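Let's take a walk through a protein model together, one region at a time. Keep the structure open beside you and find each residue as we come to it.

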Amino acid sequence: MQDQNGTVKVRDSAIPEADLMGMIGLLPAAEHARYLAAREVLQRRIRPASIDYWNREEFPHQMLPGLAALGLGELQVDGSSQLFKGLMYFEVARADVSLSALVGIHNELIVGMIDRLGSPAQRERWLPGLRTFQSLGAFALTEPEHGSDIAGGLATSAELIDGEWVIHGAKRWIGSGTIADFALVWARDKADQQIKGFIVETDRPGYSATKIEHKMGLRIMQNAHIRLDGVRVPADNLLPGAVNFAAANELLRDSRAWVGWQAAGIQFGAFDIARDYALERFQFGRPLAKFQLIQLSLAEILGNASASLALMLQFARMQESGTAQMAQAAMVKATTTRLARESVAQGRALLGGNGVTSDYEMAKLFGDAEILYSYEGTYEINSLIVARAMTGLGAFV
Ligand SMILES: Cc1cc2nc3c(=O)[nH]c(=O)nc-3n(C[C@H](O)[C@H](O)[C@H](O)COP(=O)(O)OP(=O)(O)OC[C@H]3O[C@@H](n4cnc5c(N)ncnc54)[C@H](O)[C@@H]3O)c2cc1C
């Protein structure tokens, strides 16, 4: 909650930490100290400043150096544990979901793809700038006519002509598409019909991006409708490790699960806001927090949030041990985002009328949760992946 000066109030230290189950304490000492330092900055500076940008659908370029100073541009390649990386995504989401989308896509889908599937020259060209957020990439997979069925339906084409790839097509919903230095474009090679990944610099002739406006959530993220009208890139802009869709599968699995950290973070954020509000707002001569129904709501939000975080901790363990599969990624993504939607709806109601204006933050979370529910595979598609794994029967069509 903001006070009259627009400053987010930081919780009274006499009130216990929201992490009732002590899960964050699982971090080793050095990572724990780094985590706490980052949380302080995210809560005190990023969270309050994000509200205005969110209202104006504007990207906060000037926040990038601060995010880089926290190491958020290089989580994927700095040797951090899966748990630390996840908890940083979680804390950024607790402060602002759009920025956590930026940090997550940047690490999981841009830095990760170039680091693992790129050539030495591509790594040398792009990774130093990406690590410090001096460069930004966009991950361009979804198309206007193909969302859930993108793997089979992808229509953007690439053809190797006289040593250059010529790319035709359109992409939709692409995060940072209007501000990135390059887009990682997935296109179908006309020669062998395989889906391949290409680095397309955004200043190339034929690339145009239009911002998608009036979103109900993730309003800081600049999502774009992109046209690729015969864009020509050199032959070596193809990621050598991304010569079919299966090659990107492990990274796509992890990026699916990354949304679960966001969903856990947004719920802890919702709990923080709801608890503060319930303690400070008086009705019938007493704080809302004194009413049983309000206490039930707070307990349910925290229960949902803690269950989501616990699922993510186990997923991180599976990533570390090399046992994580797509079905588990789909389950954590679907379940945590379903719970997030419930939690922010409870939080919204708990704030009464003030729950519908972003001045009191909860409305911002309410809109953001809708995006978590639908991107990186919708709730329904992820549920189908889980149930296919558990029954052996695919029910997509
Ligand atoms: C804010 C935002 C940011 C995004 N960022 C990016 C990005 O950076 N890069 C990128 O590539 N993409 C991005 N996306 C795209 C996102 O991944 C897609 O929106 C998502 O995969 C769903 O595709 P769709 O919107 O085309 O919905 P559709 O596929 O048209 O689905 C519509 C509805 O039908 C349901 N449905 C579809 N098929 C089935 C089926 N077989 N069985 C049951 N139900 C079904 C879906 O669950 C959904 O409810 C973003 C989307 C949003 C909204």
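The largest nonpolar core of this predicted model is made up of 115 residues. Look inside it for Ala140, Ile167, Ala183, Val185, Phe198, Val200 and Ile266, the residues with the most contacts within the core. If you then trace helix α7, which covers residues 249–280, you are following the element that gives the most to this core, with 14 residues.

Let's stop at Ala140 for a moment. Which residues does Ala140 touch, once we set aside its neighbours within four places in sequence? Its contacts are Lys171, Ile174, Gly177, Ala183, Leu184, Val185, Trp186 and Ile226.

Now turn to the ligand. It is surrounded by 22 residues, and the closest of them are Gly147, Ser148, Gly175, Thr378 and Glu380. Four elements each give two or more residues to this shell: strands β1 (137–140) and β3 (164–175), along with helices α10 (362–374) and α11 (379–391). Of these, β3 gives the most, with 3 residues. Sorted by chemical character, the shell has 11 nonpolar, 8 polar and 3 charged residues.

Why does the ligand lie between two domains? Domain 2 (137–243) and domain 3 (247–391) both give residues to the shell, so the ligand sits between them.

Two spans named in a record are worth setting side by side. An unreviewed UniProt entry places the feature "domain: Acyl-CoA dehydrogenase/oxidase N-terminal" at residues 37–130. In the model, that span is 77% helix and 0% strand, and its end C-alpha atoms lie 22 Å apart. The unreviewed entry in UniProt also places "domain: Acyl-CoA oxidase/dehydrogenase middle" at residues 138–231. Here the span is 4% helix and 52% strand, with its end C-alpha atoms 16 Å apart.

To finish, look at two residues in loops. Ser176 is found in the loop between β3 and β4 (182–189). Its phi is near 65 degrees, a positive value in a residue other than glycine. Is Ser176 buried or exposed? A residue with 20 or more other C-beta atoms within 10 Å of its own is called buried, and Ser176 has 25 such neighbours inside 10 Å, so it counts as buried.

Glu361 lies in the loop between α9 (326–350) and α10. This residue, too, is not a glycine and has a positive phi, near 70 degrees. Glu361 counts as buried because it has 29 C-beta neighbours inside 10 Å.

Conventions. Residues numbered from 1 in each chain as written. Predicted model: local features only at pLDDT ≥ 70, side-chain atom pairs only at ≥ 80, totals over all residues. Near = placed C-beta within 6 Å. Nonpolar A, V, L, I, M, F, W, Y, C, P; charged D, E, K, R; others polar. Domains from an automatic or database assignment. UniProt positions renumbered as here; feature names shortened; annotations may be inferred. Core = buried A, V, L, I, M, F, W, Y, C linked by C-beta atoms within 7 Å. Buried ≥ 20, exposed ≤ 12 C-beta atoms within 10 Å, placed from the backbone. Contact = placed C-beta atoms within 7 Å.
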